[in-house]
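Good morning, and thank you for joining this short presentation. Please take a moment to look at the sequence and the structure before I begin.

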Amino acid sequence: RAAAAADMERLPLIQRIVSEALRLYPPAAFLSRAAQAHDRLCGREVRPGDTVMLPIYALHRHHLLWTNPDAFDPDRFLTPPDRYAFLPFGAGPRICIGAGFAMQEAVIILATLLSRFRFTAIAGRAPEPRMILTLRPHGGVWLNVARR
Ligand code: HEM
């Protein structure tokens with residue numbers, strides 16, 4: 001049967017897989033803020049009106065924050081990451097209001113698809129991440145799909 005919201009707690013591995021995908025390929029791969037006041041950040045002056053970029057993609061692959069950062073390893077989420085090392089939905093007053101819904105939707109869809117189909121890579125068609133305003137797979141994600 002299709003997965004449903006009530007199944008969430010029974011799908012911890014799928015939740016870790018979605019988190020790991022959001023770490024390696026955060027759709028909001030950078031965020032920015034306009035400074036309201038003077039500040040200093042890592043020794044640099046920040047003036048009112050300056051734009052401060054938060055490179056989420058780089059943060060999620062930082063060697064000081066993650067072990068083997070470029071590897072896909074959902075089990076790294078068996079231990080919750082530092083709150084400010086993993087920001088697929090941002091943080092603070094402007095945190096994504098749809099985060100819980102987005103996670104639930106992704107877990108339900110992935111669990112339902114994996115219970116019905118097998119997905120395998122297509123040689124020569126590896127997805128190519130491309131950053132426009134958001135990070136997305138250029139030309140889509142191509143996979144072979146077979147019924148289970
Ligand atoms: C995987 C899916 C999603 C990702 C990665 C995502 C990511 C984000 C991020 C990073 C922010 C913060 C932007 C910032 O700090 O400048 C944000 C804000 C927001 N998101 Fe999402 N989002 C997702 C899904 C959704 C969904 C499903 C909804 C609505 C149902 C939603 C509604 C919003 C809204 C309204 C804001 C602005 C909140 C505010 O500024 O007060 N998002 N999202």
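I shall speak about the ligand and its surroundings, and then about one residue of a helix.

Please bear in mind that this is a predicted model.

Let me begin with the metal. Which protein atom serves as donor to the iron atom of the ligand? The single donor from the protein is the SG atom of Cys96, at 2.2 Å from the iron. As for its place in the chain, Cys96 belongs to the loop that runs between α2, residues 56-59, and α3, residues 99-116.

I turn now to the wider shell. The ligand is surrounded by 14 residues, and the closest of these are Arg33, Pro88, Arg94, Cys96 and Ile97. Two arginines deserve a separate word. In the side chain of Arg33, an N or O atom is 2.6 Å from an oxygen atom of the ligand. For Arg94, a polar side-chain atom lies 2.9 Å from a ligand oxygen. Considered by class, the shell consists of 10 nonpolar, two polar and two charged residues. Among the elements that contribute to the shell, β1, residues 31-34, and α3 each provide at least two residues.

Helix α3 also holds Thr112, my final topic. Is Thr112 buried or exposed? Its relative accessibility is 13%, so Thr112 counts as buried, the cut-off being under 20%. Beyond its neighbours within four places in sequence, Thr112 is in contact with Ala2 and Ala3. With Ala3 there is a polar contact as well: a polar side-chain atom of Thr112 is 2.9 Å from the backbone nitrogen of Ala3.

Thank you for your attention.

Definitions and conventions:
Residues numbered from 1 in each chain as written. Predicted model: local features only at pLDDT ≥ 70, side-chain atom pairs only at ≥ 80, totals over all residues. Heavy atoms only, no water. Donors = N, O, S within 2.8 Å, 3.2 Å for Na, K, Ca; no water. Helix = DSSP H or I, 4+ residues; strand = E, 2+ residues; numbered from the N terminus. Near = heavy atom within 4 Å. Polar contact = N/O pair within 3.5 Å; in protein donor to acceptor, adjacent residues only side chain to side chain. Nonpolar A, V, L, I, M, F, W, Y, C, P; charged D, E, K, R; others polar. Buried < 20%, exposed > 50% of the residue type's maximum accessible area, 1.4 Å probe, protein only. Contact = heavy atoms within 4.5 Å.
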